[in-house]
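Student: I am new to this structure and would be grateful for a close look at a single part of it. Could you please take me through the sheet of chain A, and then place it in its surroundings?

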Amino acid sequence: MTAEPGPEDRPPELVPLNAVFATDFVQILVPVTTANTMAEVAAAVAYHVEGKRVRALPYEKVVIYQGERLPAEMTVAAAGIKPLDHIAVEYDIPERS
Amino acid sequence: MALLKREEWQGFVRDVDWSYSYVDDEAVYPEWHSGTGKVPREAWLAWEESYKVSYPEYVATQREKEAAAYAVKAALQRSSVWEGLDEGWKSATKMHFGGVSLSEYAAVLAELKMARFGLNGAWRNMAVFGQLDELRHTSITTFFGHEFISRDPQYDWTQKAFQTNDWVAISLRNLFDAMMSSANVVDIALQLPLVFETGFTNLQFVALAADALASGDVNFANMISSIQTDEARHSQQGGPTLEILVEYDPVRAQWVVDKTFWASARALAALTGTSMDYYTPLEHRKQSYREFMEEWIIDQFVRTVEQYGLKKPWYWDEFLQGLDIWHHALHMGLWVWRPTIWWRPMAAVSRDERAWLAEKYPNWEKVFGDKWDVIIDNVNAGHVPATLPETLPWLCSTCHLPCCNATQSRGGTWRVRDFPLSYDGRTYHFCTKACRQIFWKDRANVNHLTLVDRFLAGQIQPMDVGGILGYMGLTPDVMGDDPDYQAWTRDYAGRPAEGLASTAAAQP
């Protein structure tokens, strides 16, 4: 007897997102899949903006969804991000001590 | 037989009406077209325009206007004025021709609807003159733009733009369909003559006429000034209609005026804001867009609504904050997505131009300067492709313009924030709080698919940049590009530049 398949067991599904990168001036359409990690999602959003309109900074990038920072290894499916949801991607700039 | 004096016949002629004996009044003036709502039918008997005109007077005046406009055009047709015009200014005119010519035709239909379903004979009479005006505006705008097609194929979009699925055209059709086509005539009288024509046409027709003259485009200035002289007469259909509606249904009057002012302000930020503050050459700019809005639109609008006993719209603070943001962001959007438009947008961010922008808009450098600096450094590094888009901007479900309005947090940071709405099983996004509110209240009416919606629904094939450009009707000879990258990047050539997409520093 096997366990019921979870969302992570399904084939990846397309998840088009409304995304904004850091200080960029506009929200953009960025397609990802349910299997993508937050690190991959951040990179997919950054691809359209970083170094093109927003100067690239030497910091990790984090995905912010519904006001929460999501772990880099978490997948879109596990985060519960749905098609047409909004995400922001920000640089993880260390606080000045 | 002696002719009657004007005052002896005009009172009767301007207000011909009669009672129906074979059909009900409702059959002739059905609610869904005439829209009397809570206003008693007999209340419309009080409708009276302030400036009265007869048909012979109308024809004589219009004939003179037409003769004058076409005489100037004929004289200039043989000159080389057009060749000497700045590319930025030409872009302002291409945007105008494409955005306005068939909007004028939509206004013909709106005036005809009022001429048929208006609830008073004088109103219907005035609307007949209004539709003749709008037909003249359609003809003159289409004809003046047509002249330049042989010199530049982008002018072909004078007639073509409105019939394509270009995202700018979709946005304008969405605005004007709601304002002029789908509404009942009471709402149309508030939306088109009152809010749009007494207010916003000043922006495109008065402000731009001044910039046109300064830029040396006498023909264009002549054309739009000729059009504007008609507006004062037919726009007076708004006042008497609002006066009666306010008395019986002030809530409806306030809502119709508020939503139309907002929708018009969004569209004109894209159309006029960019033309005034970027496309018009710096040395020819008369006023900033913000200054013109304050002088010609805001003061007048507030006076008008207060005069009729209405309040300032609920979104007033958000609107005033937008005067420093909207058109700058839309300019950047039109520039970045330049292959999707039918003109050549000049970035216009040289040092001198930026100094002017910073003087007129103290937050400009903080909100927009950093992005333009990265774009400039990419151009100077020879990486123009890095400045071109590979995806779509997210388009607002109400105004269909990009969601690109940064707001400042209490901590001082500027970010483009999300204004979502879950409705009917899906998530919508809006550029502003007011666009979201208007969608919610008007959701049965203003609910068209944006270009992004169409793309995600699979209506655009193939689902790539080529497919999108084809869907929008753009061909390589027409797609926009910056006419002169050097003009606005040379001031910054040779400066050190880090963090560009093309350098290793881009990767952490």
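Tutor: Two strands are taken to pair if DSSP finds at least two bridges between them. Strands themselves are DSSP runs of E with at least two residues, while helices are runs of H or I with at least four, and both are numbered from the N terminus. The model is a predicted one, in which local features need pLDDT of at least 70 and side-chain atom pairs count only at pLDDT 80 or more, whereas totals for chains, interfaces and linings use all residues. Residues are numbered from 1 along each chain as its sequence is written, with chains lettered from A and ligands numbered from 1 in the order in which they are written. The pLDDT is the predictor's confidence in each residue, on a scale from 0 to 100.

Chain A contains two helices and five strands, which follow one another from the N terminus as β-β-α-β-β-α-β. In space, the five strands make an open sheet of mixed pairing, in the order S2-S1-S5-S3-S4 (chain A). Strand S2 (28-33) and strand S4 (68-70) of chain A are at the edges with a single partner strand each, so one side of each has no neighbour in the sheet. From one strand to the next, the twist averages 40°; angles run from 0 to 180 degrees between N-to-C directions, and axes are lines fitted to C-alpha atoms, for helices over the stretch in contact.

Within this sheet, strand S3 (residues 61-65) and strand S5 (residues 86-91) of chain A run antiparallel and are joined by four bridges. One residue of this pairing is A:Lys61, whose bridge partner in S5(A) is A:Tyr91. Helix H1 (residues 38-47) of chain A packs on the sheet, where it touches strand S1 (14-21), S2, S3, S4 and S5 of chain A. The direction of H1 makes about 100° with that of S3(A). Here, two residues are in contact if their C-beta atoms, placed from the backbone, lie within 7 Å.

The surroundings can now be added. Among contacts in chain A between residues at least 6 apart in sequence, 65% join residues at least 24 apart. Of the 97 residues of chain A, 45% are buried, that is, 20 or more other C-beta atoms lie within 10 Å of their own. Chain A also meets chain B, in a contact that takes 26 residues from chain A and 37 residues from chain B. On the chain B side, H17(B) gives the most, with six residues. The model as a whole scores ipTM 0.93 and pTM 0.94.

Definitions and conventions: A residue is buried if 20 or more other C-beta atoms lie within 10 Å of its own, exposed if 12 or fewer, and partly exposed in between; C-beta atoms are placed from the backbone.
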